[in-house]
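Biologist: I would like a close look at a single part of this protein, explained slowly enough for a first-year student.

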Amino acid sequence: MNRRDFIKTSVVAGGALLASTVVPSQAMNLLQEQKNDNKFANDGLLQGVCDIHLHAMPDSRERSVDEYGFMKDAMAAGYRAVMFKSNDFSCHDRAYLIRQALPGAECFGSFCMNRVHGDKVNVFAAQKAVETSGGLCRCIWMPTLDAAYQYQSEGRKEMGIPVLDEHGQVLPEVVKVMEICAEADIILATGHASPEESIMLVRKAHEVGVKRIVVTHANSSIWTMTPDQIRRCIDLGAYIEYCYLPCLWGEGTKMPQYQRQSIEEFAAFVRIDPARSFISTDLGQAVMPHPIDGMRDCIVKLQSVGVSQSDIDLLVRRNPAWLIGVDN
């Protein structure tokens, strides 16, 4: 084929190959953008999904995706809503901006009570979070990476941020944050508290009047709860979060320090009480799969081990949607 015939053929095919022949860098950028735009095309599997615990840039840790780009991909894939989490910074304010750029985006943020906000749970910071423009802070997490229990578990010399006093009672500043969550009708999440601390937090939050109480990743690592502990929290009014991340880390991955959870073990957790539980990915780590790929894998694997579609709908659609207030 001579060059003229080659160009004619390229034009008929749509112009992409012609563009790469004449202006290679621009054409390749265009093709890459088109490829990225189509990567998460909606095939129905993820329609209506709400992932309310995932990590994205900008952040103080390396992440695989940025918030704006992820929200575009999530909308293309059929997601209903997303709530971002940063262990160090606010993300509800950025959710406000993302919504301006992406009309129709059900994008929310949350706020963690970690050391960047002080050496104890910061009531003032929590109040300002719920007062931020747009009302898009839908969860206050108790301390996560800076939690006293996490520091203790890691054998660190410094003291982490406590949620209970020396007598095992919920600290006054924690109670005040619970009151803020109750008044704003948003989630109070236990963060990286120990299983027993989480039970105490749930009991107090219930007494305070918090309607949307979440026990954070009850199937993960040092926070794993027993079925009895889970049922105690549910009886006190909590919803239980099960993260899919433990099914993806472990030996042979770039997070080998953790023990991988089998899909059968994961399914056993979610079957305890699907009506009071939900699934999040807890993904976004630079060394882990894209959160959308993770959510897809989770749903497919749950189907493969016989979890009913009605239970899956509760776990990844209806319950998380209610918790962040898009279903009331």
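Biologist: Why is the sulfur of Cys107 not in a bond with the closest cysteine sulfur?

Modeller: This is a predicted model, in which local features need pLDDT of at least 70 and side-chain atom pairs count only at pLDDT 80 or more, while totals for chains, interfaces and linings use all residues. Residues are numbered from 1 along each chain as its sequence is written, and side-chain values use heavy atoms, with hydrogens and water left out. The sulfur of Cys107 lies 8.3 Å from the closest cysteine sulfur, which belongs to Cys91, and that is too far for a bond. A disulfide is a covalent bond between the sulfur atoms of two cysteines, and here a pair counts as one when the two cysteine sulfur atoms are within 2.5 Å. Cys107 also counts as buried, because its relative accessibility is 0%, where buried means under 20% relative accessible area, exposed means over 50%, and partly exposed lies in between, using a 1.4 Å probe and protein chains only.

Cys181 can be read in a similar way: its sulfur is 7.3 Å from the closest cysteine sulfur, in Cys139, which is too far for a bond, and Cys181 is buried, with a relative accessible area of 0%. By the 2.5 Å rule, the count of disulfides comes to zero. As for the wider setting of these two cysteines, the protein has 328 residues, of which 51% count as buried.
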